[in-house]
Amino acid sequence: MKKTVTTFAKAKASGEKLTMLTAYDYSTAKLMDEAGVDSILVGDSLGNVVLGYEDTVSVTMEDMIHHGAAVARGAKEALVVIDMPFMSYQTSVYDAVVNAGRLMKEGRANAVKLEGGVEVAPQIKAITQAGIPVCAHIGLTPQSINAFGGFKVQGKTEAAAQKLIDDALVVQDAGAFAVVLECVPEKLATLVTEKLDIPTIGIGAGNGCDGQVLVYADMLGMFSDFTPKFVKRFAEIGPQMTDGFKSYIKEVKDGTYPSAEHTYAIADDVIEKLY
């Protein structure tokens, strides 16, 4: 049965933890869906782990639509959330609604996610009023990495912590159905979670959140350019892939692959007639 924003609300009310993972292609999304994950986030982290960018700033609407549609085709039950990329919603409320609509129509999203608190509340309100569910994202917001001066934990001072709480309450009031808390001290994230009626999804925000999200390439050991402190390796698929590639190269080089079991036969008399 397809999971919806109502699933998130019921989980918050019952105390059931929510699970979210990123995916960027059909095959991966299908595997996650079959495993039973609650939500799949088509994150603009695809800029880092799929497209090889140093940050998420260069990711375009076309990138998100292309990868989002692929994920949506593989996810039959999980709620598919697609990130709104840098400058697709900051410029105006009008642009935000139009681009959110594109992610729903062309990317086949079930919801969209955008970064920011008080400053993007008008966009969240307008998008939700257009009938599009919005997941908010506060704390460390990667699209603002140049303004932050790097990947740093957010909300560590009293003023910064209070702003994070204020942002969380504002995005809730604007209509967000959930909010991602990234790189936030655990006690602060727990406090925010207790204050909100909507679920919090943590990434580097401790166990007090209503759910968790990870980049799948991080948790499977497939992306090694940078590993945040909060990442746990749940499997070492990256090294297994490297070993598999090496075995393939060796067998092709020494002529043991393909063997008879991997080839198709033809009658000898047919071959003889060709000469």
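A residue is taken as buried under 20% relative accessible area, as exposed over 50%, and as partly exposed in between. By this scale Glu106, with a relative accessible area of 39%, is partly exposed because its value falls between the two limits. The structure described here is a predicted model, and Glu106 serves as an entry to its charged side chains. Glu106 forms a salt bridge with Arg102, in which the closest N and O atoms are 2.8 Å apart. Arg102, at 24% relative accessibility, likewise counts as partly exposed. The pair belongs to a network of salt bridges in which Glu62, Arg102 and Glu106 are linked.

The fold contains a barrel closed by eight strands, which follow one another in the order β1-β2-β3-β4-β5-β6-β7-β8 with parallel pairing. From one strand to the next, the twist averages 25 degrees. Within this barrel, strand β1, comprising residues 18-22, is paired in the parallel sense with strand β2, residues 39-42, over three bridges; Leu21 has Ile40 in β2 as its bridge partner. Helix α1, formed by residues 5-14, lies across β1, β2, β3 (79-83), β6 (178-182) and β7 (200-203), and runs at about 135 degrees to β1.

Nine salt bridges are found when the whole structure is searched. In general, side chains of opposite charge can pair when their charged atoms come close. One of the salt bridges joins Lys3 to Asp38, with 2.9 Å between the closest N and O atoms. This pair links distant parts of the chain, since Lys3 is situated in the segment before α1 whereas Asp38 lies in the loop between α2 (26-35) and β2, 35 residues apart. Lys3 has a relative accessible area of 18% and is therefore buried, and Asp38, at 9% relative accessibility, also counts as buried.

A further salt bridge involves helix α1 itself: the side chains of Asp210 and Lys12 meet at 2.8 Å, N to O. Here too distant parts of the chain are linked, with Asp210 in the loop between β7 and β8 (211-214) and Lys12 in helix α1, 198 residues apart. Both Asp210 and Lys12 are buried, whereas Arg102 and Glu106, described above, are partly exposed.

Attention may next be given to nonpolar side chains. Val170 is found in helix α8, which spans residues 158-174. With a relative accessibility of 26%, Val170 counts as partly exposed. When residues up to four places away in sequence are not counted, Val170 touches Val118 and Ala121. The C-alpha atoms of Val170 and Val118 are separated by 6.0 Å, although the two residues are 52 residues apart along the chain.

At the surface, a nonpolar patch of about 650 Å² is made by Met222, Met241, Phe245, Tyr248, Ile249, Val252 and Tyr257. Met241, one of these residues, is placed in helix α11, which comprises residues 237-254. The relative accessible area of Met241 is 32%, a value that makes this residue partly exposed. Met241 can be included in the patch because its 32% meets the requirement of over 30% relative accessible area that applies to patch residues.

Note on methods: Residues are numbered from 1 along each chain as its sequence is written. This is a predicted model: local features need pLDDT of at least 70, side-chain atom pairs count only at pLDDT 80 or more; totals for chains, interfaces and linings use all residues. Side-chain values use heavy atoms; hydrogens and water are left out. Two strands pair if DSSP finds at least two bridges between them. Helices (H or I, at least four residues) and strands (E, at least two) are DSSP runs, numbered from the N terminus. Axes are lines fitted to C-alpha atoms, for helices over the stretch in contact, and angles run from 0 to 180 degrees between N-to-C directions. Contact means heavy atoms within 4.5 Å. Buried means under 20% relative accessible area, exposed over 50%, partly exposed in between (1.4 Å probe, protein chains only). Patches are made of residues with over 30% relative accessible area and no salt bridge: like charges are joined within 9 Å, nonpolar side chains (Val, Leu, Ile, Met, Phe, Trp, Tyr) within 5 Å. Accessible areas come from the Shrake-Rupley method with a 1.4 Å probe; for residues, only the protein chains shown count as cover. A salt bridge is a side-chain nitrogen of Lys or Arg within 4 Å of a carboxyl oxygen of Asp or Glu.
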